[in-house]
Amino acid sequence: MELNRRTVIAGAAAAGLAATTLGGTAHAHGGRTPVKTLFGTLADGTKVYSWSLANGGTRMRVLSYGGIVQSLEIPDRRGCHANVSLGFDTIEDYVASSPYFGALIGRYGNRIGKGRFTLDGTAYQLSVNDGDNSLHGGAKGFDKRVWDVEPFTKGSDVGLHLHYTSVDGEMGYPGTLRTKVTYTLTRHGDWRIDYEATTDKATVVNLTNHVYWNLAGEGSGTVEDHQLKIAGSRYTPVDSGLIPTGELAPVAGTPFDFRRAKRIGEDLREAHQQLLYGKGIDHNWVLDKGLSPRPEWVATLRDPSSGRILRIATTEPGLQFYSGNFLDGTLVGSGGRIYRQGDALCLETQHFPDSPNQPHFPTTVLRPGQTYRSTTVHSFSR
Ligand code: BGC
């Protein structure tokens, strides 16, 4: 406890914030223009900034490092705000050991088997960082890059444009990839993410965001009592390395059936081979709506205790539901409490894992002259 307190105070000093702004309950400003403060400094001297935004009852802080959502506060049924996204208070913690808390993921969200794929007859070897496989863009993915951040207000919206250019060959991927991600808070308090990317050589792209949700508040314990509904009748079963077998299997009659709202903990301990592989749920749902030109509703998460509700709409054809299986009590979060298995869940909108090696999955190939576009909207209510 003593240690945590010191870490928190050191974090406050690094961020140049008054101690009253910590603990995830208050913000440095109440206005609509995003406010920039120093969050910390990387070992190479690069400064990392934190941007505070508020609109429609939602408040968030975003870091220039990894485009990380460092906190996201929404009200409960009585109007009390809590930070519903796992994270840390210091840049040192993010650099040392973050399991992608709140981060932008690229160039390829999820796994590519053996970190290998062939495109137009050329074989590429990616950075391998998860057993034999490449996960979330390799050893130094977009979550560990410093983004250029530009604030905006537009009509009743407030937000940030985040830019990052990934050089040809970075982490083994072909082509210079120019990426722009826009985080918008709408007047209704919705958080919208628009992703865009272009390339100068044929490549593969699959961008997402890795918020760990706990609608009762980060550090409050397990999310097993949250209720989840997913509009997906099939999922992509995996092998022991969590690479899809290629099958699109029905969820009917399995622990993966969330077509009706279900308690997350309900079937989590069934002796199902797929749950053994994932140490719980760590699977991609094939969304019934498929790839869509406009974001369409795909999932609802509800915490009965606080009354907080998250609805997700996306243009993407897939959703990775990860039940926080690898949180193991070794990380101390922004509220000073340790994170244990199942203390949060991720709902990552995306194309399917290992698509570059699965010709019948929706393609993730991006060619020069094309623009990659993807949108996900998170709506909050109570
Ligand atoms: C993956 C998990 C992985 C986690 C990393 C999730 O997107 O599905 O397998 O362990 O990211 O924290």
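Me: A cavity is a set of grid points where a 1.4 Å probe fits but cannot get out. How many cavities of 30 Å³ or more are there in this structure?

Reply: This is a predicted model, and it holds three cavities of 30 Å³ or more. The second largest has a volume of about 60 Å³.

Me: Which residues line that second largest cavity, and which elements give two or more of them?

Reply: The lining consists of Trp 191, Ile 193, Tyr 195, Thr 208, Asn 209, Val 211, Trp 213, Leu 347, Glu 348, Thr 349, Thr 376 and His 378. Two or more residues each come from strand 14 (191-199), strand 16 (208-210), strand 27 (346-350) and strand 29 (372-381).

Me: What makes one residue of that lining charged?

Reply: Asp, Glu, Lys and Arg count as charged, and the lining includes Glu 348, so Glu 348 falls in that class. By class, this lining has six nonpolar, five polar and one charged residue.

Me: Now for the ligand. Which residues surround it?

Reply: Around the ligand are Pro 99, Tyr 100, Arg 111, His 136, His 210, Tyr 212, Leu 242, Asp 282, Gln 320, Tyr 322, Phe 326 and Glu 348. This shell divides into six nonpolar, three polar and three charged residues.

Me: How do you know that Pro 99 makes a polar contact with the ligand?

Reply: A polar contact needs a pair of N or O atoms within 3.5 Å. A backbone N or O atom of Pro 99 is 3.3 Å from a ligand oxygen atom, so the pair qualifies.

Me: What makes His 136 and Tyr 212 pass that test?

Reply: An N or O atom in the side chain of His 136 lies 2.9 Å from an oxygen atom of the ligand. For Tyr 212, a side-chain N or O atom is also 2.9 Å from a ligand oxygen. Both values are within 3.5 Å, so both pairs are polar contacts. As for cover, the ligand taken alone exposes 310 Å², and the protein buries 93% of that.

Me: Where does the ligand sit, and what lines that space?

Reply: The ligand takes up the space of the largest pocket, which holds about 550 Å³. Its lining has 33 residues, with Ser 98, Pro 99, Tyr 100, Leu 135 and Tyr 212 nearest the centre. Helix 2 (91-97) and strand 24 (318-322) each give two or more residues; helix 2 gives the most, with four. By class, the lining has 17 nonpolar, nine polar and seven charged residues.

Me: Last one: what makes Arg 107 and Asn 110 stand out?

Reply: Most residues other than glycine have a negative phi, and most peptide bonds are trans. Here, the bond from Gly 106 to Arg 107 is cis, with omega near -5°. Asn 110 has a positive phi, near 85°, and is not glycine. Arg 107 lies in the loop between strand 6 (103-105) and strand 7 (111-112), and Asn 110 is found in the loop between strand 6 and strand 7 too.

Definitions and conventions
Residues numbered from 1 in each chain as written. Predicted model: local features only at pLDDT ≥ 70, side-chain atom pairs only at ≥ 80, totals over all residues. Heavy atoms only, no water. Near = heavy atom within 4 Å. Polar contact = N/O pair within 3.5 Å; in protein donor to acceptor, adjacent residues only side chain to side chain. Areas by Shrake-Rupley, 256 points an atom, 1.4 Å probe, with all protein chains shown as cover. 1 Å grid on protein atoms, 1.4 Å probe; cavity = no way out; pocket = protein on both sides within 12 Å on 5 of 7 lines; lining within 4 Å. Sits in = over half its atoms within 2 Å of the grid points. Points joined across faces, edges and corners; volume = space filled by probe spheres on them.
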